[in-house]
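Here is a briefing on the structure shown below. Keep the sequence at hand while reading.

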Amino acid sequence: MHYETRFCAHCGSALQAITLAEDGGDKERLRCPACGWTHWNNPTPVLAAIVEVGGKVLLARNAAWPGKIFALITGFMEAGESPQEGIAREVREETDLDVRSSTLVGAYEFLRMNQVIIAYHVVAEGRVRLSPELVDYRLYDLADLRCWSAGTGYALADWLRTRGHEPVFLSAEENAQRRSGLSLPPKD
């Protein structure tokens, strides 16, 4: 579901596409004709964790996702917390694991969702107990990980390179089957 900002957050008037001069020149944005408030539509920061537990990487499946999609632990950064605090909180909330260390992997665009992904490698310990948001998880040896062509998949690929593994990406067909929930045919 896609949500669109239509009303002013300050006075409640309907927003309009209004062009005004900004630092970079004229720019059309949704603005309030009554009080002048501007909807900047800035990307939302999302935290992602490559969770390493006992030398393996944990990928999880969200209850809302189609098919057999397993991916990194992700979540929105909260007001008042650093990215490092946020990723430790997200890992704890979603897996019940305790983060012992975190290292920044990088920042990645996710234009389709208007997000910037801040990815970390975290070493965690404990017993995995999934939140209701997640329905399953798998632990992978580094050599068995397959990357996907989207923000968190690129983060995983970059991290694998730092560990001496050349990442393998899912083909378009494999990704389509993964999204639809079909089992992949055996490779000859």
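The points below go from the whole chain to its strands and their pairing.

This is a predicted model. Its chain has three helices and nine strands. Strand 4 and strand 8 pair in the parallel sense, and each is largely enclosed by the rest of the structure.

**Whole chain**

- From the N terminus on, the order of elements is β-β-β-β-β-β-α-β-β-β-α-α.
- The C-alpha trace spans about 60 × 40 × 35 Å along its principal axes.
- The chain has 188 residues, and 36% of them are buried.
- Among contacts with a separation of 6 or more, 54% link residues 24 or more positions apart.

**Surface and charge**

- About 11,200 Å² of the chain is exposed. Carbon and sulfur atoms supply 51% of that area.
- The chain carries 20 positive and 25 negative charges. The mean positions of the two sets are 4 Å apart.

**The open sheet of strands 1, 2 and 3**

- Three strands form an open sheet in the order 1-2-3, and their pairing is antiparallel.
- Strand 1 (16-22) and strand 3 (38-39) are the edges of this sheet. Each has a single partner strand, so one side of each is left without a neighbour in the sheet.
- Seven bridges connect strand 1 with strand 2 (residues 25-31), in the antiparallel sense.
- Within this pair, T19 lies opposite E28 of strand 2.

**Strand 4 and its partners**

- Strand 4 covers residues 44-53. Eight of its ten residues are buried, so the rest of the structure largely encloses strand 4.
- Strand 4 runs antiparallel to strand 6 (residues 73-76), with four bridges between them. Here L47 has G75 of strand 6 as its bridge partner.
- Strand 4 also pairs with strand 5 (residues 56-62), in the antiparallel sense and over three bridges. E52 stands across from V57 of strand 5.
- The hairpin of strand 4 and strand 5 has two residues between the strands. G54 takes a positive phi near 60° in this hairpin.

**Strand 8 and its partners**

- Strand 8 covers residues 115-125, and eight of these eleven residues are buried, so strand 8 is largely enclosed by the rest of the structure.
- Ten bridges join strand 8 to strand 4 in the parallel sense. Two positions illustrate the register: V46 is opposite I117 of strand 8, and A49 is opposite Y120 of strand 8.
- Strand 7 (residues 98-110) runs antiparallel to strand 8, and eleven bridges join the two. T103 has H121 of strand 8 as its bridge partner.
- Four residues separate the strands in the hairpin of strand 7 and strand 8. N114 has a positive phi near 55° in this hairpin.

**Points to check in the viewer**

- Which residue takes a positive phi in the hairpin of strand 4 and strand 5? That residue is G54.
- In which sense do strand 7 and strand 8 run? They run antiparallel.
- Why is one side of strand 1 left without a neighbour in the sheet? Strand 1 stands at an edge and has a single partner strand.

Conventions:
Residues numbered from 1 in each chain as written. Predicted model: local features only at pLDDT ≥ 70, side-chain atom pairs only at ≥ 80, totals over all residues. Heavy atoms only, no water. Buried < 20%, exposed > 50% of the residue type's maximum accessible area, 1.4 Å probe, protein only. Pairing = 2+ DSSP bridges. Contact = heavy atoms within 4.5 Å. Areas by Shrake-Rupley, 256 points an atom, 1.4 Å probe, with all protein chains shown as cover. Lys, Arg positive; Asp, Glu negative; His and termini not counted. Charge placed at Lys NZ, Arg CZ, Asp CG, Glu CD.
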